[in-house]
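Work through the exercises below with the sequence and the coordinates open. Try each task before reading its solution.

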Amino acid sequence: MNPRSILAGADGSPSALNAVRWAAREAASRRLPLRLVHVAPDGRQPGDRPLEEARRRAEATEPGLEVRTATRTGPAAAALIDEAGTASLVVLGSHGLGGFPGMLLGSVSSALAAHAPCPVVVVRGTLPDDPPPEQGPVVVGVDASPSSDAAIAFAFDAAGRRGAPLTAVHTWTDMSLGETWSVLPIDVDYDEVAEDERRLLAERLAGWSEKYPDVRLIQRTVRDRPVRGLLAAAAGAQLLVVGSRGRHEHHGMGLGSTSQSLLHHAACPVAVVR
Ligand SMILES: Nc1ncnc2c1ncn2[C@@H]1O[C@H](COP(=O)(O)OP(=O)(O)O)[C@@H](O)[C@H]1O
Ligand SMILES: [Mg+2]
C-alpha cells in the first residue's frame, strides 16, 4: 500500500504557497510524500501554473522530498474533502484567490476544517503572505472531555519532531462552573476551583510525558474564556492545536465554536484534529 501522503491545496495564491512550504517541512519530518492538488472549476481548462509554482516552493523548501501533483475538477471544497480521505493530513492557506479584503478565513479552508476526515492545518500568519513561523512552542488547547485527546496526541508528536516545548492550556470561567454545579455556591472558593482545574488538566495529560520524555511540557490553567485564553497563550507559538469540537458540541461532523474562532483569529498555523 502507498504510504499516506501530506496533502496541500494549491490555488495559485501566496497563502497557499505558504501552506505548501509548511506541508513540505511536515512531510520531510514525517518521511511521507507530499501531494499537491489543484482543483479547477468544472468546464474550465486547468492551468499548470498553480502546481508548477507549488512544486517549486516545495522543492526549494525540502530538496529531495518526494513531491506528487494532481489536478481535479469540480467545486474545490468537495474535491479536497474527497482527497483528504486518503491523506494523513491536509494543509491549506488561510486565504485563496477568492475572498474579499477583511475576510478572516476562506471558504475552502473553512469547509475542510469542518468536514475533512483527517487533521487539517490552516497556515495563517498576521498577514496573508507571512511565511509560517518555525520557532516557539507548540500550544494545545485541552478541555475537560476526551474530545481533546486526539489533539493532545497530535501536539506531542508535532512538538517531539520539532524539538519544541509543548504548552498545554486549559481555560475555565465562572460560566463553565455553572455546568458542573447545578447550584453555584455563594462563596465559591476560587483557589480551590483553580486547583481542581489544574488537576483536571494533569489527568488529561497523564501518560503522555512518559511516552514523549524529550518534550518539555508546560501546563497552564487560565481563568479566561477559551478563545481569549488560547489566543493569548498562542502568542509567539509556531503551531496551535485544537480538537474539532468541545464538550458543548453535539457529536458528528462540523466544527465547535472555539475552534472556529481560533481559525479566524490566530496569528500562527492552526491544526484542527478530530
Ligand atoms: N481550487 C483550489 N485548489 C486547491 N486548493 C485550493 C483551491 N481553493 C482553495 N484552496 C486552498 O484553500 C486555501 C484557502 O482558500 P479559500 O478558502 O478558497 O480562500 P478564499 O475564499 O480567499 O479564496 C488556499 O490557500 C488553498 O490552500
Ligand atoms: Mg478560493
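The exercises below concern a predicted model.

**Exercise 1. Cysteines**

Task: Determine how many disulfides the structure holds, and explain the result for Cys-118 and Cys-268.

Solution.
- Step 1. Fix the criterion. A disulfide needs two cysteine sulfur atoms within 2.5 Å.
- Step 2. Start from Cys-118. The closest cysteine sulfur to its own belongs to Cys-268, 19 Å away, so the gap is too far for a bond.
- Step 3. Turn to Cys-268. Its closest cysteine sulfur is that of Cys-118, again at 19 Å and too far for a bond.
- Step 4. Search the whole structure. The search returns 0 disulfides.
- Step 5. Check the surroundings. Buried means under 20% relative accessible area. Cys-118 has 6% relative accessibility, so it counts as buried. Cys-268 has a relative accessible area of 2%, so it is buried too.

**Exercise 2. The shell around ligand 1**

Task: Describe how the protein surrounds ligand 1, from residues to polar contacts to secondary structure.

Solution.
- Step 1. List the neighbours. There are 21 residues around ligand 1. Those that come nearest are Gly-9, Val-39, His-95, Gly-98 and Val-108.
- Step 2. Look for polar contacts. The cut-off is a pair of N or O atoms within 3.5 Å. Gly-96 places a backbone N or O atom 2.9 Å from a ligand 1 oxygen. A polar backbone atom of Leu-97 is 3.4 Å from an oxygen of ligand 1. For Gly-99, a backbone N or O atom lies 3.4 Å from an oxygen atom of the ligand.
- Step 3. Assess the cover. Ligand 1 alone exposes 550 Å², and the protein buries 93% of that.
- Step 4. Place the site. Ligand 1 takes the space of the second largest pocket.
- Step 5. Assign the elements. Two or more residues of the shell come from each of β2 (34-40), α3 (76-84), β4 (87-93) and α4 (107-115).

**Exercise 3. Three loop residues**

Task: Locate Ser-13, Asp-48 and Arg-245, and decide for each whether it is buried or exposed.

Solution.
- Step 1. Ser-13 sits in the loop between β1 (5-9) and α1 (14-30). Its relative accessibility is 1%, so it counts as buried. A polar atom of the Ser-13 side chain lies 3.2 Å from the backbone nitrogen of Ala-16.
- Step 2. Asp-48 belongs to the loop between β2 and α2 (49-61). Exposed means over 50%. Asp-48 has a relative accessible area of 57%, so it is exposed. Its C-alpha is 9.0 Å from that of His-38, with the two positions 10 residues apart in sequence numbering.
- Step 3. Arg-245 lies in the loop between β9 (239-243) and α10 (257-265). A relative accessible area of 17% makes Arg-245 buried. The Arg-245 side chain reaches the backbone oxygen of Gly-254 at 3.0 Å.

**Exercise 4. A strand residue**

Task: Which strand holds Val-270, and how far apart are Val-270 and His-95 in sequence and in space?

Solution.
- Step 1. Val-270 is part of strand β10 (residues 270-273).
- Step 2. Its relative accessible area is 0%, so Val-270 is buried.
- Step 3. In sequence, Val-270 and His-95 are 175 residues apart. In space, their C-alpha atoms are 13 Å apart.
- Step 4. Link back to the ligand. His-95 is one of the residues that come nearest to ligand 1.

Technical notes. Residues are numbered from 1 along each chain as its sequence is written. Chains are lettered from A and ligands numbered from 1 in the order in which they are written. This is a predicted model: local features need pLDDT of at least 70, side-chain atom pairs count only at pLDDT 80 or more; totals for chains, interfaces and linings use all residues. Side-chain values use heavy atoms; hydrogens and water are left out. Buried means under 20% relative accessible area, exposed over 50%, partly exposed in between (1.4 Å probe, protein chains only). A residue is near a molecule or strand if one of its heavy atoms lies within 4 Å of it. A polar contact is a pair of N or O atoms within 3.5 Å; within protein, one must be able to donate a hydrogen and the other to accept it, and residues adjacent in sequence count only if both atoms are side-chain atoms. Accessible areas come from the Shrake-Rupley method with a 1.4 Å probe; for residues, only the protein chains shown count as cover. On a 1 Å grid over the protein atoms alone, a cavity is a set of points where a 1.4 Å probe fits but cannot get out, and a pocket is an open set with protein on both sides within 12 Å along at least five of seven lines; lining residues have an atom within 4 Å of a point. A molecule sits in a cavity or pocket if more than half of its atoms lie within 2 Å of its grid points. Helices (H or I, at least four residues) and strands (E, at least two) are DSSP runs, numbered from the N terminus.
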